[in-house]
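Grab a coffee and work through a few exercises on the model below. Try each task yourself before you read the solution.

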Amino acid sequence: MQLAIFYYSLVILLISVITATMCLAVHILTKRRTYLYLFVSFFLYFFDVALVFRRYFQNGVRPLPQGSTDQYNIGSPIESMALASAIIVCFVLFLFTYLKQGGGRYVALLIVSLFLAYSWLVLAIFPIGKHREFMFFSSRSIAVATLLIFVTYKYFTASTQIERRSLRTHLSLYVACWIGLAATLANNLYLQLLRPPGSISFILSEQNFGENLLVIICASYTIRSCVRALNVRYAALPPPTDHAQQYLEHALARFARSNELTVREREVLQLIINGHENRKIAEELFLSPSTVKVHVHNILRKTGKANRKALLQAFWEQV
């Protein structure tokens, strides 16, 4: 069983590295800060998981004496707090950047300050024991729940149907994150409060399988987003593959639908994405330049963008 836990931990580390690498590649290609924040988050989570190995290397795996409190001793609390704080900051900045919400830095600073203050108080006030350990590690779940509640608030206070519809496309991820969070709390509840002393001593309380599930869920959605972004970027280069071209058309249809564009406006938008000017668009669609100009004006108005550059940027960000 110990060997299975070892290889399981290696898989979690590998998932973190793969996800971080793909996020970095997409960031270098697209210059989108959301992928930069995700890269740093998964990169830091690699070291967070690796803290478990540090405790194994230091202490080894040996049975605990009856009544020993070593089972509840928090290994590497300073490193754990530092890594968790940095990960929380990155996810707050990612969320606020993706939602185009201002004040992300101040909110990140506030949440991390409360997180660190709470963690320090738990370490300083409570004696070594299961309640101290449970309260210390549950602070991460509180931070995640805060972000999910903020997303819920943004959905119900969205000013437009387009914004609400955009958030609704991530409903499956939202529900999966709540499930992962519930699994994290259940893991903490059992391993740190309900587990009999000395039982399954080869599993450290720092090994939160529920938290790993939450990270795997986020990693799977992130990897899928990275693959889509890379496919769409490749589709813009000649010659595009059929799969990439199909995805580009699907992304265009989704963007047109969310912004309530007409069929003709969608056709014009597709040619804009291909880099055509109004004169070339008029030739392709057999329209007059003035008509094309009207369609372009309507597209910009419906999407709330000032010019073509902002329009293209909004399209690639949604993709």
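## Exercise 1: Inside helix 7

The buried residues of helix 7 are Ala176, Cys177, Gly180, Leu181, Thr184, Asn187, Asn188, Leu191, Gln192 and Leu193. Buried here means under 20% relative accessible area, exposed means over 50%, and partly exposed is in between (1.4 Å probe, protein chains only).

A word on ground rules: this is a predicted model, where local features need pLDDT of at least 70, side-chain atom pairs count only at pLDDT 80 or more, and totals for chains, interfaces and linings use all residues. Residues are numbered from 1 along each chain as its sequence is written, and side-chain values use heavy atoms, with hydrogens and water left out.

**Task.** Work out how far helix 7 reaches from its first C-alpha to its last, and set that against the expected span.

**Solution.**
- Start with the count: helix 7 has 24 residues.
- Next, the rule: the expected span is 1.5 Å times one less than the number of residues. For helix 7 that gives 34 Å.
- Now compare: the reach in the model is 33 Å, close to the expected value.

## Exercise 2: The overall build

**Task.** Find how many helices and strands the protein has, and what share of its residues is buried.

**Solution.**
- Helices (H or I, at least four residues) and strands (E, at least two) are DSSP runs, numbered from the N terminus.
- On that basis the protein has 13 helices and zero strands.
- Of its 319 residues, 43% are buried.
- For contacts, meaning heavy atoms within 4.5 Å, look at pairs with a separation of 6 or more: 70% of these join residues 24 or more positions apart.
- The accessible surface is about 17,200 Å², and 66% of it belongs to carbon and sulfur atoms. That area comes from the Shrake-Rupley method with a 1.4 Å probe; for residues, only the protein chains shown count as cover.

## Exercise 3: The nonpolar cores

**Task.** Say which residues touch the most other members of the largest nonpolar core, and which helix gives the largest share.

**Solution.**
- A nonpolar core is a set of buried Ala, Val, Leu, Ile, Met, Phe, Trp, Tyr and Cys residues joined through side-chain atoms within 4.5 Å.
- The largest one has 30 residues, and Cys23, Tyr35, Phe42, Tyr45 and Cys226 touch the most other members.
- Helices 1 (2–30), 2 (33–59), 3 (77–98), 5 (130–156), 7 (171–194) and 8 (209–235) each give two or more residues to this core.
- Helix 2 gives the largest share, 10 residues.
- Zoom in on Tyr35: leaving out residues up to four places away in sequence, Tyr35 touches Cys23, Val26, His27, Thr30, Ser225, Cys226 and Ala229.
- There's also a second, separate core of 21 residues, with Leu252, Ile281, Val296 and Ile299 among them.

## Exercise 4: Charged pairs

**Task.** Say where the partners of the glutamate 211 and arginine 140 salt bridge lie, then do likewise for glutamate 267 and arginine 264.

**Solution.**
- A salt bridge is a side-chain nitrogen of Lys or Arg within 4 Å of a carboxyl oxygen of Asp or Glu. The whole structure holds six.
- In the bridge between glutamate 211 and arginine 140, the closest N and O atoms are 3.3 Å apart. This pair links distant parts of the chain: glutamate 211 sits in helix 8 and arginine 140 in helix 5, 71 residues apart.
- Both ends are buried, glutamate 211 at 14% relative accessible area and arginine 140 at 13%.
- Asp48 joins in too: Asp48, Arg140 and Glu211 form a network of salt bridges.
- Glutamate 267 and arginine 264 meet at 2.9 Å, N to O. Both lie in helix 10 (residues 263–273), three residues apart, about one turn of the helix.
- Here's the geometry behind that: an α-helix has 3.6 residues a turn, so residues three or four places apart point the same way.
- Both of these ends are partly exposed, glutamate 267 at 31% and arginine 264 at 32%.

## Exercise 5: One more bridge

**Task.** Is glutamate 265 buried or exposed? Find its salt-bridge partner as well.

**Solution.**
- Glutamate 265 pairs with lysine 302, with the closest N and O atoms 2.9 Å apart.
- The two are 37 residues apart, glutamate 265 in helix 10 and lysine 302 in helix 12 (residues 289–303).
- Glutamate 265 counts as buried at 4% relative accessibility, whereas lysine 302 is partly exposed at 25%.
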